[in-house]
Amino acid sequence: MSAITNPAPQTERNPASTERSVPPVIGWRELFDRQRAHHPTVRVTTAAQRIEKLRHFHDALLARRAEVIEAVRADFLRPIAEVDLAESAIVLLELRHTMRHLRRWMRPRRVSTPLSIMGTSSEVRAEPRGVTLILSPWNYPVQLAFLPLVSAIAAGNCAVLKPSEFTPNSSAWMRRFLADLFPPDEIAVAEGDATVATELLKLPFDHIFFTGSPAVGKVIMRAAAEHLASVTLELGGKSPTIVDETANLDEAATKIVWGKFTNAGQTCIAPDYVLVDERVREPLTAALRKRIAESFGDDPARLAASPDFGRVVNARHHQRLRKLVDDAVGGGAILLAGGEGEGSSNYLAPTLVGNIGRESLLLRDEIFGPVLPIVSYHTIEEALAFINAREKPLVLYIFSRSASNVETILHQTSAGGTCINETLLHYFNANLPFGGAGNSGVGRAHGHAGFLSFSNERSVLRRAFPNPLVRFLYPPFGRGMQWLVNLLAKYL
Ligand code: NAD
């Protein structure tokens, strides 16, 4: 263990923290320098040593799931089972997947040798990037901090983790939890707001892994450019859900309601809006209303008291969502379900909105709350044009029983990921690289893809046996060189 302890927050101290002993405050620069000085020890760790660290992480998290639930729910109210699944179970699954495969991921990967450089052998080695910065959002405060951290540790990096200021209880818990497992010159938590992030971004981190909004993603990329740090940007945006005329509507409604209203819609991969074939708009709307009632309650009072429906994170976001709904209704939109809210608890009922003007804010900004616009189309081309006129989404969901419609949609759109006749589940497959396209993100996370994001793939070529032709490459160039160039250019 290092002599220093995990640094205390440098901005305002977190009022929710119950710690009695205040750790000594060290500056971010000093913390960074210590991690950099310590990294040579971390970079040479074997697969067995890294698996041992991940095993400790895994066992501690498994034992402290109740603490996670308590900390996260102290930040904003969410269903207990949902928190346990999203904040602990998903991280535990990722830890086990990583432990199972790390030996193979770390092994140098042989690649074949073209005839033109006969006599050499080549391989790719994943080496750690170095000292890394992880910036995470509030919506799944533990999961979205820990998933990249698992990849960072697996790949042999040091890491400073800066969670969101909107979830201070979760951040303080993560600081205590990680301080029990790692020395701060290997893994440290920096609590605080954007000013702390700004200070950290001035330091020459080797890699920055950011999860958050596209607007802040641009700030991160600009800051990274200063040091030419590599970045992974896991961003958000408006994820469309197409429901065509062939879809099983009850099944689609069940899955859309789950995907949309989990964590009160505050999920980056939540369906942002539904694009439905006009011929099935009414039955789909009825199925969605029925499913909302079955899931959370069949009258407004029961729904507001449901233990299975969460709250909006804070008053600012509650007001923002109210404004989105009011703006749509003011423009002629119709509330098809929900709309009720309560300011003091940041409650907003699961809300369906129809007949929305195309210029409405609801169809422009990422919603990130329990409001689902329903837009109808007459031809699949119209739906595709609607999607392609907007930024590339993080996910595009398709509900259809027509293989040709599915292929047309996949072929003519671009997105970070797609689920067909499902929502959210692609996130649970660690073998699927997770990330966005264009405005919804840069780079990939989860499983091997996450490991590679935190690795530099180093290309190594080795001379295995002599090749007499190579000498023609060296000056002074003679006819042999020209012969060799002709051979390369025309035949090899
Ligand atoms: P955010 O971009 O406001 O904040 C994310 C992090 O960046 C926080 O730690 C915050 O302190 C920091 N930050 C904020 N402003 C900053 C600045 N000017 N300079 C440096 N750092 C700054 O995002 P949020 O509101 O916490 O999260 C919601 C967004 O995140 C949504 O757009 C959502 O879609 C997206 N998201 C994406 C994923 C994904 O995996 N792709 C997951 C969750 C959330």
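Let's start in a loop: Pro476 sits between strand E18 (455-463) and helix H16 (479-490). Keep in mind as you look around that this is a predicted model. The reason to stop at this loop is the backbone, where the peptide bond from Pro475 to Pro476 is cis, with omega near 0 degrees.

A second backbone detail is found at Ala264, whose phi is near 50 degrees. That is a positive value in a residue other than glycine. To find Ala264 on your screen, go to the loop that connects H9 with strand E9 (273-277).

Now turn to the ligand. Its shell counts 27 residues, and those that come nearest are Lys162, Glu165, Ser213, Leu235 and Glu366. Three of these residues place polar side-chain atoms beside ligand oxygens. For Lys162, the distance from a polar side-chain atom to an oxygen atom of the ligand is 2.7 Å. For Glu165, a polar side-chain atom is 2.6 Å from an oxygen atom of the ligand. Glu366 also has an N or O atom in its side chain at 2.6 Å from a ligand oxygen. As for the surface, the ligand taken alone exposes 850 Å², and 88% of that is buried by the protein.

What is the shell around the ligand made of, by class? It has 16 nonpolar residues, together with seven polar and four charged ones. Helix H7 (194-201), strand E6 (207-211) and helix H8 (214-227) each give at least two residues to this shell. Both domain 1 (28-235 + 446-455) and domain 2 (240-435) take part, each with at least three residues in the shell around the ligand.

From the ligand, let's move on to the open spaces in the protein. The second largest pocket holds about 430 Å³ of space. Its lining consists of 26 residues, with Glu82, Leu85, Trp258, Thr262 and Leu424 lying nearest the centre of the pocket. Two or more lining residues come from each of helix H4 (80-106), helix H5 (143-154), helix H9 (249-261) and helix H10 (281-296). Which element gives the largest share of this lining? H4 does, with six residues.

By class, 17 residues of the second largest pocket's lining are nonpolar, six are polar and three are charged. As with the ligand shell, each of domain 1 (28-235 + 446-455) and domain 2 (240-435) contributes at least three residues.

Finally, look for enclosed space. How many cavities of 30 Å³ or more are there? The count comes to one. About 50 Å³ of space lies in the largest cavity. Its lining is made up of Gly237, Lys260, Gly265, Thr267, Cys268, Ala270, Pro271, Asp272, Glu366, Phe368 and Gly369. These lining residues divide into four nonpolar, four polar and three charged.

One name in that list should be familiar. Glu366 lines the largest cavity, and Glu366 is also among the residues that come nearest to the ligand. If you would like one residue to select while you compare the two sites, Glu366 belongs to the cavity lining and to the ligand shell.

Definitions and conventions. Residues numbered from 1 in each chain as written. Predicted model: local features only at pLDDT ≥ 70, side-chain atom pairs only at ≥ 80, totals over all residues. Heavy atoms only, no water. Near = heavy atom within 4 Å. Polar contact = N/O pair within 3.5 Å; in protein donor to acceptor, adjacent residues only side chain to side chain. Areas by Shrake-Rupley, 256 points an atom, 1.4 Å probe, with all protein chains shown as cover. Helix = DSSP H or I, 4+ residues; strand = E, 2+ residues; numbered from the N terminus. Nonpolar A, V, L, I, M, F, W, Y, C, P; charged D, E, K, R; others polar. Domains from an automatic or database assignment. 1 Å grid on protein atoms, 1.4 Å probe; cavity = no way out; pocket = protein on both sides within 12 Å on 5 of 7 lines; lining within 4 Å. Points joined across faces, edges and corners; volume = space filled by probe spheres on them.
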